[in-house]
Structures are given as C-alpha cells and as structure tokens.
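Here are a few worked exercises on a protein–RNA model. Have a go at each task before you read the steps.

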Amino acid sequence: MPSWQHITYSNEIKDGHFGKSVAVGGWAQEVRNLGGISFLQLRDRFGVIQITSLKKRDPELFRQMTTIQRESVLLITGTVKESGEAKAGFEVIPETVAVLSEAMTPLPLGVVDKVGADLDTRLNNRFMDLRKPETRAIFQIRAKALEGIRGYLTSEGFVEVTTPKIVAAGAEGGATLFPIKYFDKSAYLAQSPQLYKQNLMGTGLDRIFEIAPAYRAEASDTVRHIAEFTSLDIELAFIESSEDVMAVAEGIAYNGLRHVKEAASEQLDMLGVEIPIPETPFPRMTYSEAIDLLKANGMKVEHGDDLGTEGEKLLGDVIMRERGCELYFITDFPTSLKRGTFYAKRHDDDPERTGYFDLDYMGQEIVSGGQREHRYDVLVEQMKENSMDLDSFEFYLKAFRFGMPPHGGFGFGIERYVQKMLHLPNIREAVLYPRDRLRLIP
RNA sequence: GCCCCGGUAGUGUAGCGGCCUAUCAUCCGAGCCUGUCGAGCUCGGGACUCGGGUCCGAAUCCCGACCGGGGCGCCA
C-alpha cells in the first residue's frame, strides 16, 4: 500500500499523468452504481476525482467500490485515464481500495444532499459542514484577508504583539466581563487589549498590532454579536490627530480586500461574491453631519442621540446610494456618547467633542477608535468623572507619569469585516466554532 | 436584558382539534441498469422536543421547561 505522504491531490493531476499510476486519498462523496459500471466521487481538499470501475474488469473490486459508505476516508491506487465524459477531463481506474475510516450512517448532516440545513444544525456538526467547499472557502478567504492585513501592517512598521487574555480589570464600561478563577484570585477574560496596548506606547514598541480573541459577556443575541470574537487591535504613537489613526484603519480595510480579491478569487467565485475595491480615501463625515443626513432621510433622531442600529443601517443605504461607497468614517463623536470611554481625547477647542471615529462597512460598525488622552492629569480627571477606582488601574496610569507620547488606535472586528465582505447573514458563519450566549459546544 | 415567532423522520418541510395508519423532498436499505455527475425506475425504512393540563378526541388548544430563529438595546 502506498504511503499517505505520496498521495496526489486532485489539482495536481495533469496530462502528464495519463496512463500513469497514482495514489489518491479523500472522502467518498458519492457512489453511483449503474450496474456494469460505477462512479465514485472522491473529494480531497482541492476538488473531486472520479473513480470509475467496471464490473467485468474486476467483480470483487467492483463490489467493494459500490458498497462504500458515503464520507468514508479512502486511499485508492489506480491508473489515470483521459476521459471526455468525466468532468475533470480524467478519471482514475482503481487497482486497490483501502477504507481507512468508515463513515457511519446516517450522516448527521449531508455534504452533497439536495436539501439545506439550518445554521444551528451545521454548527452542531461543524466538521461535516466544513467538508463543503463553500463553507471552507469562508475561512480560506478570512486567512487571505489576515495575510493581506499583516503584510500591510508589517510594511508600515507595525510590530505584532500578544497581550494577556487573563486580566485583573476591564478596560471599558458597558461591555461586561467573564469572571474566572485564577488560582486563589479572581480574574476576567480580556474584553479588549486596550490598557496593554496603550501601556506599550510608552516603551518604544510604539507601533503595534495584535490579532487575538476578545471576550464580551453581553447577553446580546443578534446576527452580529458573539461572546468570543477576533479583534485586530492597533496602537500607534507620535500622532498628530485621529486622522493619523484613521489612515491605518483605511489601509487595513483596503489591503485586506485587495489581497482577498487577488489571492482568493477561486473561493470568491465559489461563494458568488464580487468584491469591489474601494477608492481611497474613504468618505468621512462628522457625527453631526451623519445626524443631519439621517434627519434629511426621514429618521426621527436628534443631535446627541446614538445613531442606533436603525441609523447605522440607514446611513449605509444613503451613502451607497449617493456616493456608491461601502466603507466610510463617522468622526468627531460627541463626548456625551463617549463618556464611558475614559481614555478618549477630547478636542482642545471643544471638550464636548472627541476625535473618536467609527469605520462602518455597509451599515455596520467594524472599527471604533481614535486619539487617546495621553496627559496624565487630564486622564485622571476623566477617570474620576467615570467614578473609576484609580488604584485598580495603577499599572495603567503609572506609564503615563513617566513619559507617554501622544497616541491613538482602534479595534477592528475581523468577523464583522468578513461577514460584510461576503454578505454572510450571520456573523457565526465567519467563525469556525462560534461562542454565543447559549453555544459552548463544539 | 426586553419584544415577536417557532420546535414534525438523519436533513429540510406540509399538516395547525376527528379526514393523520402524518405530506413531500432528501437520506438510508433491497433490486434493475456500461457513462453517471440534481442520474433514472421499482419496492421498502424512518418523525409529532419534554412535562403537566383542557377535551369524548391533541402534532394541532393552554401552562411550564429546554432548544432554536428574528428584532431592539449595547457593541467589534
């Protein structure tokens, strides 16, 4: 029997293989027995190979081939034969067939059945779901997006770091924390690397990024929330304003899309998705302009209100209609809406406004960030305003007393980015094993 | 956390007080077929989430639990 290391993948078989012997391996996708001839579709990571056997050629092998359970793992040796009838232009005439792992029946979820399955059923049987090329395509595209983003950030001088996910205190108000036991202390799962990445701005590692899970114990059950998501966090120092930070957010969103389009076109075709490459710079409007725009489009909203889900969606529609843009910034959020964000820098000439911005993608917030307050005294004032216990943030504050450059950054939601890019109806589709309020398995 | 909706074969569904011995497709099994690739044909198999209640009678109505879908709030 040939060694597993020597299998030839479906996409490697070329004209030169015709008449030659190969070993192929994969899952038995479908077996079709026509009586005197049978076809077995063997699926591997790149595609499908048709294994054709004739009864009169080898009755025993024919019997074996036609009684294989779907989705069993097979290792087959045989001869590659050019074929006008086979879809790939060739087929393999088997000599030996080894069932390496037999699949039980019935399958918990069909891979090529002609009926759909609910997302819940698919997630409960994710390993089966991922045997579908179009499901895997999402994660191949996601990997390419991250590849493009890492390439861009590296070329811009950013250093990739990893900060603790087990922490003593949370960064932001609002979002709730998952408490955990930590030896004889109580701790939390990090909701954001906020405090650590700001800490690093005082070190000389002053352009950093991190791609890591973030945990939010919010009891929100929507198609755009999960309890564990991948946060791309950026922080950069020696900036002049939030505009320097926005330029990076723009570069990430742009380069991720461009790389996906270049390097994952096959997967995009599989999903029937066309990615328009956005023009830069992305449109920018202030919060105040956004409110006016919403009012002009018939929404009941006042200056000082949150945009809300309805406002975000409407804004996405309006901007697509009027400017043809999927990605756009909303800037200068009022201090009243960012009061909980104690580290946000307020405008020097107007303390009621911050330099904080959101980057929205088709009516969905995917990035939030801005310039931070780096002046110790002002920061402490803002924390007191939020009734925060300064002692428990001492490690954070200390760095501001010994030389902290002006800086800013943001969090970029990878799954939301992928969800919007691929028009996925639910963010859970963009996570291999999503965690939400009720789902802990698998 | 709040509001609305739903749970029927492995999968996806129809049925919404007696016509249900529960529909259809997919799937699984037996058989026929030497070019299938949404194969075709014949025959067979498989289900009303759980616990209470109403009623002569419950898949169907009511209550609770569990699970799921959507929306809002909050956010990435």
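**Exercise 1. How much space lies in the largest cavity, and which residues line it?**

Step 1: the volume. The largest cavity holds about 30 Å³ of space. A cavity here is a set of points on a 1 Å grid over the protein atoms alone where a 1.4 Å probe fits but cannot get out; the volume is the space filled by probe spheres set on those points, which are joined across faces, edges and corners.

Step 2: the count. Searching the whole structure turns up one cavity of 30 Å³ or more.

Step 3: the lining (residues with an atom within 4 Å of a point). Thr52, Ser53, Leu54, Arg57, Asp58, Leu61, Ile93 and Pro94 line the largest cavity. Strand 3 and strand 5 (90–101) are the elements giving two or more residues to that lining, and strand 3 has the largest share, with three. Strands are DSSP E runs of at least two residues, helices are H or I runs of at least four, and both are numbered from the N terminus.

Step 4: the chemistry. Four lining residues of the largest cavity are nonpolar, two polar and two charged. Ala, Val, Leu, Ile, Met, Phe, Trp, Tyr, Cys and Pro count as nonpolar, Asp, Glu, Lys and Arg as charged, and the others, Gly among them, as polar.

**Exercise 2. How far should you trust the coordinates?**

Step 1: the ground rules. This is a predicted model, where local features need pLDDT of at least 70 and side-chain atom pairs count only at pLDDT 80 or more, while totals for chains, interfaces and linings use all residues. Side-chain values use heavy atoms, without hydrogens and water; residues are numbered from 1 along each chain as its sequence is written, and chains are lettered from A and ligands numbered from 1 in the order written.

Step 2: the scores. Chain A averages a pLDDT (the predictor's confidence in each residue, from 0 to 100) of 92, and 97% of the residues score at least 70. The model has ipTM 0.89 and pTM 0.92.

**Exercise 3. Why does the second largest pocket lie between domain 1 and domain 2?**

Step 1: the domains. An automatic or database domain assignment sets the bounds, dividing chain A into domain 1 (4–101) and domain 2 (128–430). Their C-alpha centres lie 48 Å apart.

Step 2: the pocket (an open set of points with protein on both sides within 12 Å along at least five of seven lines). The second largest one has about 330 Å³ of space. Its lining has 16 residues, and Arg45, Phe46, Gln140, Glu266 and Gln267 are the closest to its centre.

Step 3: the reason. Both domains give residues to the lining of the second largest pocket, so it lies between them. Helix 4 supplies the largest share, five residues.

**Exercise 4. Which residues are closest to RNA strand B, and which parts of the strand do they meet?**

Step 1: the surroundings. RNA strand B has 57 residues around it (each with a heavy atom within 4 Å), the closest being Arg32, Asn33, Glu85, Thr309 and Arg416. Sugar and phosphate make up 54% of the RNA strand B atoms that come within 4 Å of the protein.

Step 2: the atom pairs. A backbone N or O atom of Asn33 sits 2.6 Å from a base nitrogen of RNA strand B. The side chain of Thr309 has an N or O atom 2.4 Å from a phosphate oxygen of RNA strand B.

Key:
A polar contact is a pair of N or O atoms within 3.5 Å; within protein, one must be able to donate a hydrogen and the other to accept it, and residues adjacent in sequence count only if both atoms are side-chain atoms.
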